[in-house]
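Work through these exercises with the sequence and the 3D view side by side. Try each task before reading its solution.

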Amino acid sequence: MWFDYATGDVISKLERLTVAYHESGHAVAGWFLEHTEPLLKVTIVPRGTAALGFAQYVPNENLLMTKEQLFDVTCMTLGGRAAEQELLGKISTGAQNDLEKVTKMTYAQVAVYGFSDKVGLLSFPQRDDAFEMTKPYSSKTGAIIDSEVREWVGKAYERTVQLIEEHKEHVAWIAELLLEKEVLHRKTWFKQGFQEEEDKASTDAKTIQDNNGSTPLEPEVLPA
C-alpha cells in the first residue's frame with residue numbers, strides 16, 4: 001500500500017501503477033496530436049477520491065472549434081483508457097469521467113453542431129427544462145444519432161490505440177517517471193525523451209528534403 005501524506009489517502013501499488021499509465025496515456029496522446037492544447041503538467045497525486053491523478057493543459061481560448069480539433073481532443077481524452085488496455089492489459093474504472101466527457105462532446109457534434117452528414121444540418125440542443133418530456137425528433141432520428149456517436153467514438157478510440165502503440169516506449173517512460181516523481185512539468189520531460197523525438201523527426205525531414213533537392217543525373221547522350 002502507498003500512503004499519500006498530502007491527502008491522507010491510501011493507494012495500492014496496483015492502483016498507483018494504473019493511474020501512472022493512465023495519465024501518461026493522456027500526456028503522450030496529447031503531445032503527438034496536432035490539434036490539442038499544450039500540456040502544462042501531469043500528476044498522480046490524488047485529489048480526494050474523485051481524481052487519483054490528472055493532467056493540466058493550457059486553457060483553450062478558442063471561441064470556435066473545428067471537427068478536426070474536436071476529434072483530436074476526443075482522442076486525447078481516450079488516451080488514458082488506451083494506455084491501460086495496451087500496456088497493462090487490463091482496463092479500470094478510472095476512465096469513467098473521460099468517457100462521460102467524450103460522450104457529451106460527441107453527441108454535441110452529431111446532434112447540435114451539424115457535423116454529421118447522416119443527421120444533416122439540424123440542431124437539437126439539450127434543454128434544461130425539467131418539464132420537457134419528449135425529444136424534438138423521431139425515434140428513427142434518435143437511432144441514427146446513437147449510431148453515429150458510437151461510430152465516431154469507435155474511430156477516435158481506434159486512432160488513439162494506434163497512437164499509443166506507436167509511442168508505447170514514451171508512455172512507459174513517462175509512467176515510470178510519474179511513479180518516481182509524482183508530478184511532472186512540461187519542461188521536465190520535454191528536455192529529455194520528447195526533444196529527442198523532435199530532433200529525430202527534424203533530421204529525417206531534412207534528409208528527405210536534401211534527397212528531393214539533389215541535382216538530377218544528366219541524361220546520357222549516346223553517339224549516333
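**Exercise 1. Which element gives the largest share of the lining of the largest pocket?**

Start with the ground rules. This is a predicted model, in which local features need pLDDT of at least 70 and side-chain atom pairs count only at pLDDT 80 or more, while totals for chains, interfaces and linings use all residues. Residues are numbered from 1 along each chain as its sequence is written, and side-chain values use heavy atoms, with hydrogens and water left out.

Step 1. Fix the term. A pocket is an open set of points on a 1 Å grid over the protein atoms alone, where a 1.4 Å probe fits, with protein on both sides within 12 Å along at least five of seven lines. Lining residues have an atom within 4 Å of a point.

Step 2. List the candidates. Helix H1 (13-32), strand S4 (54-57), helix H2 (67-77) and helix H4 (96-111) each give at least two lining residues. Helices (H or I, at least four residues) and strands (E, at least two) are DSSP runs, numbered from the N terminus.

Step 3. Pick the leader. H1 supplies seven residues, the largest share.

**Exercise 2. Describe the largest pocket by volume and lining.**

Step 1. Take the volume, the space filled by probe spheres set on the points. The largest pocket holds about 940 Å³.

Step 2. Look at the lining. It has 34 residues, and His22, Glu23, His26, Asn97 and Asp98 lie nearest the centre.

Step 3. Sort by class. The lining has 14 nonpolar, 13 polar and seven charged residues. Here Ala, Val, Leu, Ile, Met, Phe, Trp, Tyr, Cys and Pro count as nonpolar, Asp, Glu, Lys and Arg as charged, and the others, Gly among them, as polar.

**Exercise 3. In what order do the strands of the open sheet stand?**

Step 1. Count the elements. The protein chain has seven helices and five strands.

Step 2. Find the pairs. Two strands pair if DSSP finds at least two bridges between them. S3 and S4 run antiparallel and are joined by four bridges. S3 and S5 are also antiparallel, over three bridges.

Step 3. Write the order: S4-S3-S5, three strands with antiparallel pairing. S4 and strand S5 (183-185) have a single partner each, so one side of each lacks a neighbour in the sheet. From one strand to the next, the twist averages 15 degrees.

Step 4. Check with Lys41. It faces Gln56 in S4 and His185 in S5.

**Exercise 4. Which residues touch the most other members of the largest nonpolar core?**

Step 1. Define the core. It is a set of buried Ala, Val, Leu, Ile, Met, Phe, Trp, Tyr and Cys residues joined through side-chain atoms within 4.5 Å. Buried means under 20% relative accessible area, exposed over 50%, and partly exposed in between (1.4 Å probe, protein chains only).

Step 2. Name the residues. Among 29 members, they are Ala20, Leu33, Val42, Ile44, Val171, Leu178 and Leu184.

Step 3. Trace the sources. H1, strand S3 (39-43), H2, helix H3 (79-88), helix H5 (139-166) and helix H6 (168-181) each give two or more residues to this core. A second, separate core has seven residues, including Val110, Phe124, Ile145 and Trp152.

**Exercise 5. Place Gly142, Glu86 and Glu182.**

Step 1. Gly142 lies in helix H5. Its relative accessible area is 14%, so Gly142 is buried.

Step 2. Glu86 belongs to helix H3. At 27% relative accessible area, Glu86 is partly exposed. Its C-alpha atom is 8.3 Å from that of Lys168, 82 residues apart along the chain.

Step 3. Glu182 sits in the loop between H6 and S5. Most residues other than glycine have a negative phi. Glu182 is not a glycine, yet its phi is positive, about 75 degrees.

Notes: Axes are lines fitted to C-alpha atoms, for helices over the stretch in contact, and angles run from 0 to 180 degrees between N-to-C directions.
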